[in-house]
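Subject: Structure handover

Hi there,

Here is the structure I promised to pass on to you. Please have a look at it first, and then read on for what turned up.

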Amino acid sequence: MVSYPFCRFARMMRGLVRKAGSLTRAYYASSRVLAADNRLCPMSVNKIVEADSSMSLQHWGFSTLRAFSINAVTQTSEPATVVALKTPDSNIVYDEHVHERHPPGDPSKQAFTYFVMTGGRFIYASMIRLAILKFILSMSASKDVLALASLEVDLSNISPGSTVTVKWRGKPVFIRHRTDDDIKLANTVDLSQLRDPQSDSDRVVDPKWLVVIGVCTHLGCVPLPNAGDYGGWFCPCHGSHYDLSGRARKGPAPYNLEVPEYKFLDEQKILIG
């Protein structure tokens with residue numbers, strides 16, 4: 001029959017072994033959590049585990065196990081920085097596999113490096129400049145449009161009192177070689193009687209030549225030259241009459257015939273546009 005002291009000793013040893021097993025499992029779990037969060041270096045954890053595993057259970061004692069369990073619970077509930085401030089240690093080992101340090105470059109190759117970098121930036125700047133220029137040029141008018149933007153007309157073949165029609169930017173332009181009587185008649189008009197008051201001198205560069213766009217200001221029809229009640233132009237569509245200065249005198253036309261921009265290259269040539 002087993003004696004009572006032996007049973008008591010066996011129960012105490014069994015409880016002590018259970019306590020040591022639970023504390024060891026808690027310690028390993030806290031070590032894995034701290035290593036996963038990068039709050040405790042895995043290398044230092046391995047060293048601590050190896051050192052603690054080499055210690056025998058006889059040197060621990062019940063008080064040491066209790067203090068260690070409290071410390072393990074504290075480490076799992078506090079950040080590694082707080083624990084390091086509370087328990088400073090000079091033996092710090094860094095895990096360099098997550099932040100590899102590369103050696104500095106060769107100082108003798110700095111000139112080549114700067115040359116390559118500057119050349120690349122120059123190429124990039126040239127490409128950007130070329131792209132901007134192509135974009136701006138794509139918005140400008142083409143050569144065929146620029147060719148139609150201006151029109152040079154020879155006036156030597158236009159006899160006095162006659163009117164010729166030329167095409168400029170898709171519109172008809174009337175050029176009339178006025179006589180002295182035409183000029184006198186255009187200047188004797190009372191401006192107060194005009195619906196669009198404008199003197200004859202404001203509409204011509206040279207009094208002998210009248211240049212107007214041949215589009216009726218009513219609905220865009222083309223008037224007939226040398227016709228109408230005032231000897232200028234007549235629009236048969238709705239009955240608008242224009243005088244020898246291209247001013248609206250009768251009918252529904254609200255404005256005078258438009259005068260395009262033009263200049264004399266010499267006495268017998270003009271440039272429209």
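A residue is called buried here when its relative accessible area is under 20%, exposed when that area is over 50%, and partly exposed in between. By that rule, 24% of the 273 residues of the protein count as buried. Please keep in mind that this is a predicted model.

**Overall picture**

The protein holds seven helices and ten strands. Its accessible surface is about 19200 Å², and carbon and sulfur atoms account for 60% of that. If you take the contacts between residues at least 6 apart in sequence, 54% of them join residues at least 24 apart.

**Two open sheets**

Strands of a sheet pair through backbone hydrogen bonds, in either a parallel or an antiparallel way. One open sheet here has three strands, in the order S1-S10-S9, with antiparallel pairing. At its edges are strand S1 (151–154) and strand S9 (262–266), each of which pairs on one side only. Direction ignored, neighbouring strands of this sheet are turned against each other by 25° on average. Between S9 and strand S10 (residues 269–272) there are four bridges, in the antiparallel sense. If you want a pair to look at there, Tyr262 stands opposite Ile272 in S10.

The other open sheet to look at has four strands, ordered S5-S6-S7-S8, and its pairing is antiparallel too. Here the edge strands are S5 and strand S8 (248–250), each pairing on one side only. S5 and S6 run antiparallel and are joined by two bridges. Leu224 has Phe234 in S6 as its bridge partner.

**The loop around Asp229**

Between strand S5 (224–225) and strand S6 (233–235) there is a loop, and Asp229 is in it. Is Asp229 buried or exposed? With a relative accessible area of 49%, Asp229 falls in between and is partly exposed. Leaving out residues up to four places away in sequence, Asp229 touches His241 and Lys250. The side chains of Asp229 and Lys250 are joined by a polar contact of 2.9 Å. You can also check the C-alpha atoms of Asp229 and Tyr242: they are 8.1 Å apart, for residues separated by 13 places along the chain.

**A cysteine pair without a bond**

How many disulfides does a search of the whole structure find? The search finds zero. A disulfide is a covalent bond between the sulfur atoms of two cysteines. For Cys216, the closest cysteine sulfur is in Cys235, at 4.0 Å, and that is too far for a bond. The cut-off used is 2.5 Å between the sulfur atoms, so this pair does not count as a disulfide. Seen from Cys235, the closest cysteine sulfur is likewise the one in Cys216. Cys216 is buried, at 4% relative accessibility, and Cys235 is buried as well, with a relative accessible area of 0%.

**His177**

Last on my list is His177, which lies in strand S3 (residues 171–177). Its relative accessible area is 12%, so His177 counts as buried. Which residues does His177 touch, not counting residues up to four places away in sequence? They are Ile158, Ser159, Pro160, Gly161, Ser162, Lys208 and Trp209.

Happy browsing, and best wishes

Definitions and conventions
Residues numbered from 1 in each chain as written. Predicted model: local features only at pLDDT ≥ 70, side-chain atom pairs only at ≥ 80, totals over all residues. Heavy atoms only, no water. Buried < 20%, exposed > 50% of the residue type's maximum accessible area, 1.4 Å probe, protein only. Contact = heavy atoms within 4.5 Å. Polar contact = N/O pair within 3.5 Å; in protein donor to acceptor, adjacent residues only side chain to side chain. Pairing = 2+ DSSP bridges. Axes fitted to C-alpha atoms, helices over the stretch in contact; angles between N-to-C directions. Areas by Shrake-Rupley, 256 points an atom, 1.4 Å probe, with all protein chains shown as cover.
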